[in-house]
There are 2 protein chains.
Amino acid sequence: MRAIYLAGPEVFLPDALAVGRRKQELCVAYGFEGLYPLDNTLRPVAGERLDQAIYHGNLELIRRADIGICNLTPFRGASADAGTVFELGLMVGLGKPVFGYTNVIDDLIARTAPPEALVFDEATQEWRDTSGLLVENFGNADNLMIDCALLAHGGHRVVRHAAADPLRDLTAFEACLRLAASAARQLAARD
Amino acid sequence: MRAIYLAGPEVFLPDALAVGRRKQELCVAYGFEGLYPLDNTLRPVAGERLDQAIYHGNLELIRRADIGICNLTPFRGASADAGTVFELGLMVGLGKPVFGYTNVIDDLIARTAPPEALVFDEATQEWRDTSGLLVENFGNADNLMIDCALLAHGGHRVVRHAAADPLRDLTAFEACLRLAASAARQLAARD
């Protein structure tokens, strides 16, 4: 059975374990094992800090996984959760197929600043915020490295779904599971 | 000559090229070639979107690099720039030594919420924000995956420096160059 690493900021929710269980049950329904970060059995070695034990535990799960699904719903800022984005990069570096979703439908530029706080630079044909910092305007869900990595390493754009409860809704997650099932069939055909 | 990939949100500045040049000059002073994302020669193939051409260009520079230095100064939210964090994860996945710095000295919890907006959960011994979302309290500069990855893959914590101009100051960047020079000597000893 193929394993999917379940990256996302739901680990910070008060009901993080319950949300993880629901994700894992959906994985099983699609023929996968779901590896959830809070599952890693922490065995800090003598003197090891808890954060390092968590890091190494997550890394072990990521190495075991065949596929990644990342919850890229914006978290404490304009972009996805930093831990999730790191793990997405790591999985791309390790050559694993990755899929991603967001439960906020607006693209990056709409989330970064309201239109009246954006300035169009005629010379470069780019948008900048009031501090003069460029705002990407590719219609992407997040920084281009994220959207383009998913396209290159999973073959699909970020799945977007407007959800009333953005950190818990699993509609777009399930859409990613369907993409992962199709990727798994391709992996199996290669074996 | 070893090459260093220069990841960071300074690519969004109006003077992005000038800041990149200064970083590259410092690289040369320490015996490195600096690979700056805006240097990639974009050759979009027929029908290729500009964002995808940038992605593939950056990927090519990252693959060429021996070492990475990431500017993790917070950007549009509590954490580092999402593109930089993605590239950090990618370099870790590719097994390259990485170093990181931030020009904001506060740790993640101090930046995420003021003390009066944090609630201590006695049961789990964790801090949560007013939405009930956990806030990591490990004294790290950012999400634990970032800080711990740098420790595991470069051997050092995030270099922190309080700078008046956080997106342009190169004091902490130069400290990372010194760490990179020491890593390069180790890579050379292994060759």
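Colleague: What makes α2(B) oblique to α3(B)?

Modeller: This is a predicted model. In it, the axes of helix α2 (residues 50-64) of chain B and helix α3 (residues 82-93) of chain B cross at roughly 45°. Angles under 35 degrees count as roughly parallel, and 65 to 115 as roughly perpendicular. The crossing at roughly 45° falls in neither range, so α2(B) is oblique to α3(B). The two axes come within 11 Å.

Colleague: Which hand does the crossing of α2(B) and α3(B) have?

Modeller: α2(B) passes α3(B) in a right-handed crossing. From α2(B), the contact uses B:Tyr55, B:Asn58, B:Leu59 and B:Ile62. From α3(B) come B:Phe86, B:Glu87, B:Leu90 and B:Met91. By class, that contact holds 6 nonpolar, 1 polar and 1 charged residues.

Colleague: Now the two chains. How do you know that the copies are related as by a two-fold rotation axis?

Modeller: Lay chain A on chain B. A turn of 180° does it, with a shift of 0.0 Å along the axis and an RMSD of 0.0 Å. The two copies are thus related as by a two-fold rotation axis. The same surface serves both copies, as 100% of the contact residues of chain A recur in chain B.

Colleague: How many residues of each chain are in contact, and what area is buried?

Modeller: 50 residues of chain A are in contact with 50 residues of chain B. The chains bury about 4000 Å² between them. Carbon and sulfur atoms account for 68% of it. On chain A, A:Arg76, A:Phe86 and A:Met145 supply 19% of the area buried against chain B, more than any other three residues.

Colleague: Why are α3(A) and α5(B) called oblique to each other?

Modeller: The axes of helix α3 (residues 82-93) of chain A and helix α5 (residues 144-153) of chain B cross at roughly 45° and come within 8 Å. Roughly perpendicular starts at 65 degrees, and roughly parallel needs an angle under 35. The pair is therefore oblique. A:Ala82, A:Gly83, A:Phe86 and A:Glu87 of α3(A) meet B:Met145, B:Ile146 and B:Ala149 of α5(B). The contact has 5 nonpolar, 1 polar and 1 charged residues.

Colleague: And what makes α2(A) roughly perpendicular to α5(B)?

Modeller: Helix α2 (residues 50-64) of chain A packs against α5(B) at an angle of about 85°. The range for roughly perpendicular is 65 to 115 degrees. The angle of about 85° lies inside that range, so α2(A) is roughly perpendicular to α5(B). Their axes are 9 Å apart.

Colleague: Which residues meet there?

Modeller: α2(A) brings residues including A:Asp51, A:Tyr55 and A:His56. Among those of α5(B) are B:Met145, B:Cys148 and B:His153. The contact divides into 8 nonpolar, 4 polar and 1 charged residues.

Notes: Residues numbered from 1 in each chain as written. Chains lettered and ligands numbered in written order. Predicted model: local features only at pLDDT ≥ 70, side-chain atom pairs only at ≥ 80, totals over all residues. Heavy atoms only, no water. Least-squares fit on C-alpha atoms with pLDDT ≥ 70 in both. Contact = heavy atoms within 4.5 Å. Axes fitted to C-alpha atoms, helices over the stretch in contact; angles between N-to-C directions. Helix = DSSP H or I, 4+ residues; strand = E, 2+ residues; numbered from the N terminus. Parallel < 35°, antiparallel > 145°, perpendicular 65-115°, else oblique. Left-handed = near helix turned anticlockwise from the far one by under 90°. Nonpolar A, V, L, I, M, F, W, Y, C, P; charged D, E, K, R; others polar. Buried area = accessible area lost by both parts, 1.4 Å probe.
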